[in-house]
Amino acid sequence: MITARGLVQTFHTKVGREKREVRAVDGVDLDVAEGEVVGFLGPNGAGKTTTLRMLTTLLRPDAGTATVAGYDVVKESEQVRRSIGYVSQAGGVFSSARAGEEVMDHGMLYGLSKRQVETRGHELFDQLQLDGLWERMPKNMSGGQKRRLDIAMGLIHDPTLVFLDEPTTGLDPQARANLWDHIARLRSERGATVFLTTHYLDEADALSDRIVIIDQGRIVASDTSDNLKAQVSGDLVTLEVGAAHVAVAAEKLASVAESVETSGSHVSGRVARAGRVVPGLLREIEHAGVTLESIEVHRPTLDDVFLTLTGRSLRDAESEKPGEPDAADPAATAAASEGVTA
Ligand SMILES: Nc1ncnc2c1ncn2[C@@H]1O[C@H](COP(=O)(O)OP(=O)(O)OP(=O)(O)O)[C@@H](O)[C@H]1O
């Protein structure tokens with residue numbers, strides 16, 4: 001459904017007088033099979049949106065090739081657009097029409113009849129908890145409601161390949177859960193292929209068959225969440241003990257764990273299978289006369305995976321502020337004026 005080879009996108013920006021080159025996407029290869037839900041994960045500025053905009057024909061790659069739904073993104077961009085649903089990060093630019101009319105107009109652009117689009121539109125409003133808002137002007141909707149309206153517009157023509165750029169950013173927990181459910185059903189009930197970007201680890205984990213991690217414009221991993229986590233060396237065990245017992249606790253933990261670290265009254269290290277190792281460890285600790293205040297065991301998270309792969313945690317990578325996008329970028333302006341749902 002999606003194939004990309006060596007995709008590159010470079011932006012030229014100016015900071016004061018100095019010209020800078022940002023290689024936002026730096027040789028990306030991707031393969032997404034029909035019916036797969038792929039979570040495209042990475043910190044802010046990693047290149048997720050830029051990759052997505054090349055795949056959805058809104059940006060022409062500087063180098064590399066890609067086909068989407070069997071069509072070349074450069075030579076057959078019109079066919080690509082007809083074959084996909086796209087919900088951009090920025091959200092749609094709405095006219096002064098009412099929400100229902102916006103959705104109807106959008107669906108009719110795809111050649112659907114008025115009746116088809118009306119039926120599907122009401123169905124989507126219902127599923128996305130927009131019921132009762134058909135007649136509302138988008139400007140009078142809350143941020144979360146507008147986001148769900150974007151999504152209804154992106155799905156109105158029942159695309160079998162859907163691109164979602166950070167679909168749940170700005171939604172409250174209930175609306176988020178509802179949208180997760182909707183995305184899961186797109187696949188299970190309609191057999192849709194979904195490619196979604198996110199920087200929420202739990203979202204990637206909950207929704208995706210496969211997770212592709214991008215960092216600084218390059219793909220650093222691509223596998224199921226379980227396989228990725230299995231690459232991280234073990235569960236993190238943290239013991240809390242009285243100050244006098246820290247050294248003994250560290251020694252006991254080191255006999256079963258790797259890279260033991262001490263911080264105040266906490267001693268932590270990674271063990272291959274905590275469920276097997278911890279009972280014996282507790283006996284040893286008790287035997288040595290150490291009073292344990294608490295013990296915590298953490299299974300590896302996708303953040304641990306990112307840390308293992310890049311040496312940075314996703315949170316740290318997020319706080320490394322990337323360069324600001326060039327406001328004069330014509331592609332960005334074109335994307336905004338296109339109403340963004342392609
Ligand atoms: N139009 C542009 N002009 C200049 N630089 C840009 C432009 N668009 C993106 N960039 C830069 O390219 C890099 C990748 O940006 P991109 O938006 O693809 O990242 P992202 O992973 O989607 O981040 P986020 O999670 O914040 O959306 C960043 O350094 C960004 O500042």
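In this predicted model, pLDDT remains under 50 across residues 321-342, a stretch for which the model has 36 contacts beyond four places in sequence. Helix α13, residues 330-337, is where confidence is lowest, at a mean of 34, whereas strand β4, residues 63-68, is where confidence is highest, at 97. For the protein as a whole, the mean pLDDT is 86, and 91% of the residues reach 70 or more. The predictor assigns the complex an ipTM of 0.97 and a pTM of 0.79.

**Overall architecture**

The protein has 342 residues, of which 39% count as buried. Its secondary structure comprises 13 helices and 14 strands. Along the principal axes, the C-alpha atoms occupy a box of roughly 75 × 50 × 35 Å. Among contacts with a separation of 6 or more, 68% join residues that are 24 or more positions apart.

The domain assignment divides the protein into domain 1 (2-229 + 310-337) and domain 2 (233-299). A distance of 43 Å lies between the C-alpha centres of domain 1 and domain 2.

**The four-stranded sheet**

An open, antiparallel sheet is formed by four strands in the order β12-β13-β11-β14. Strands β12 (258-263) and β14 (292-298) are at the edges; each has a single partner strand, so one side of each lacks a neighbour in the sheet. From one strand to the next, the twist averages 15°.

The antiparallel pairing of β11 (residues 235-241) with β14 extends over six bridges. In this pairing, Leu236 is placed opposite His298 of β14. Helix α9 (residues 246-254) lies across β11, β12 and β13 (266-271), and α9 runs at about 0° to β13.

**Helix α5 and Gln145**

Helix α5 consists of 13 residues, 143-155, and spans 19 Å from its first C-alpha to its last, close to the 18 Å expected at 1.5 Å a residue. The buried residues of α5 include Arg147, Arg148 and Asp150, together with Leu149, Ile151, Ala152, Met153, Gly154 and Leu155. Against the buried residues of α5 pack two strands, β6 (84-87) and β7 (161-165), and three helices, α3 (99-109), α4 (114-127) and α6 (173-190).

Gln145 also belongs to helix α5. Gln145 counts as partly exposed because 19 C-beta neighbours lie inside 10 Å, while a residue is buried at 20 or more. Apart from neighbours within four places in sequence, Gln145 is in contact with Leu130 and Leu133. Between the C-alpha atoms of Gln145 and Asp316, which are 171 residues apart along the chain, the separation is 31 Å.

**Residues with positive phi**

Thr57 has a positive phi although it is a residue other than glycine, and a positive phi likewise occurs in Gln216, a residue other than glycine. The table sets out their phi values and places.

| Residue | Phi | Place |
|---|---|---|
| Thr57 | near 75° | loop between α1 (48-55) and β4 |
| Gln216 | near 50° | loop between β9 (210-215) and β10 (218-223) |

With 22 other C-beta atoms within 10 Å, Thr57 is buried. Gln216, by contrast, has 18 other C-beta atoms within 10 Å and is therefore partly exposed.

Key: Residues are numbered from 1 along each chain as its sequence is written. This is a predicted model: local features need pLDDT of at least 70, side-chain atom pairs count only at pLDDT 80 or more; totals for chains, interfaces and linings use all residues. A residue is buried if 20 or more other C-beta atoms lie within 10 Å of its own, exposed if 12 or fewer, and partly exposed in between; C-beta atoms are placed from the backbone. Two residues are in contact if their C-beta atoms, placed from the backbone, lie within 7 Å. The expected span of a helix is 1.5 Å times one less than its number of residues. Domain bounds come from an automatic or database domain assignment. Two strands pair if DSSP finds at least two bridges between them. Axes are lines fitted to C-alpha atoms, for helices over the stretch in contact, and angles run from 0 to 180 degrees between N-to-C directions. pLDDT is the predictor's confidence in each residue, from 0 to 100.
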